[in-house]
Amino acid sequence: MGENIHLRKPAGSGRIEFGSARRVALVCALFVGAVWAQGTAEQGFRIMASGTLGNCLACHTLPGQPGLASTFGPSLHQVGARYNADELRQWVSDARLIKPDTLMPPFGTTKGTREPIRAQSILSLDEIDHVVAALQTLR
């Protein structure tokens with residue numbers, strides 16, 4: 001039914017070769033892992049809309065999001081075309097490093113905040129990756 005997987009070590013090579021099914025499975029696992037590590041836009045939009053996590057809609061207008069639109073912060077319309085992933089990550093993690101007079105809270109650190117309410121950052125690194133993935137789709 002399935003292909004047998006055999007390990008073999010060619011004479012004098014010092015390497016172990018895997019059968020083709022194993023090789024394909026390994027490549028697929030590495031690809032899926034790399035994509036997952038970058039975050040998913042769907043999860044990012046959920047985090048952005050959540051009042052207990054990102055709460056981005058309190059300050060920003062998000063294209064396609066029904067309900068009230070805030071004009072306190074800049075619109076997120078086409079933000080993915082204006083900034084690359086690293087820049088977006090910095091804006092979300094700690095915008096003060098880009099724009100020192102920003103009113104945007106640092107979502108990825110408590111460093112430099114007065115009387116932090118919590119001992120950890122608002123968003124985890126994984127959550128920030130998801131938000132960045134979502135922002136990148138806004139082109």
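User: Among the elements of the protein, which has the lowest mean pLDDT and which the highest?

Analyst: This is a predicted model, in which local features need pLDDT of at least 70, side-chain atom pairs count only at pLDDT 80 or more, and totals for chains, interfaces and linings use all residues. Residues are numbered from 1 along each chain as its sequence is written, and side-chain values use heavy atoms, with hydrogens and water left out. pLDDT is the predictor's confidence in each residue, from 0 to 100. Helix H1 (residues 20-38) has the lowest mean, 45, and H4 the highest, 98. Helices here are DSSP runs of H or I with at least four residues, numbered from the N terminus. For the protein, the mean pLDDT is 80, and 70% of its residues reach 70 or more.

User: Over which residues is the pLDDT below 50?

Analyst: Where pLDDT is low, the predicted coordinates should not be read in detail. One such stretch is residues 1-9, which has 16 contacts beyond near neighbours in sequence; a contact means heavy atoms within 4.5 Å. Another is residues 24-37, for which the model has 2 contacts beyond four places in sequence.

User: How many residues has the largest nonpolar core, and which have the most contacts inside it?

Analyst: In soluble globular proteins, nonpolar side chains tend to be buried together. A nonpolar core is a set of buried Ala, Val, Leu, Ile, Met, Phe, Trp, Tyr and Cys residues joined through side-chain atoms within 4.5 Å. Buried means under 20% relative accessible area, exposed over 50%, and partly exposed in between, with a 1.4 Å probe and protein chains only. The largest core here has 16 residues, and Met-48, Leu-76, Val-92, Leu-123, Val-131 and Leu-135 have the most contacts inside it. Helices H2 (41-49), H4 (85-94) and H5 (125-136) each supply at least two of its residues, and H5 gives the largest share, 5 residues.

User: Which residues of H4 are buried, and what covers them?

Analyst: The buried residues are Leu-88, Val-92, Ser-93 and Asp-94; their cover includes helix H3 (79-82) and H5. Setting aside residues up to four places away in sequence, Val-92 touches, among others, Met-104, Phe-107, Leu-123, Val-131 and Leu-135.

User: Where does H2 meet distant parts of the chain, as seen from Gly-44 and Ala-41?

Analyst: Gly-44 is buried, at 0% relative accessible area, and touches His-130, Val-131 and Ala-134 beyond four places in sequence. Ala-41 is partly exposed, at 21%; beyond the same range, Ala-41 is in contact with His-130, Ala-133, Ala-134 and Thr-137. The C-alpha atoms of Ala-41 and Ala-133, 92 residues apart along the chain, are separated by 4.7 Å.

User: How many aromatic pairs does the whole structure hold?

Analyst: Rings of Phe, Tyr and Trp (its six-membered ring) pair if their centres lie within 6.5 Å; planes under 30 degrees apart count as stacked, over 60 as edge-to-face and the rest as tilted. The search finds 1 pair. The ring centres of Tyr-83 and Trp-91 are 5.9 Å apart and the planes lie at 65 degrees, so the pair is edge-to-face. Tyr-83 is partly exposed, at 29%.

User: How many disulfides are there, and how far is the sulfur of Cys-59 from the closest cysteine sulfur?

Analyst: A disulfide is a pair of cysteine sulfur atoms within 2.5 Å. The count is 0. The sulfur of Cys-59 is 8.6 Å from that of Cys-56, too far for a bond. Cys-56 is buried, at 16% relative accessibility, whereas Cys-59 is partly exposed, at 26%.
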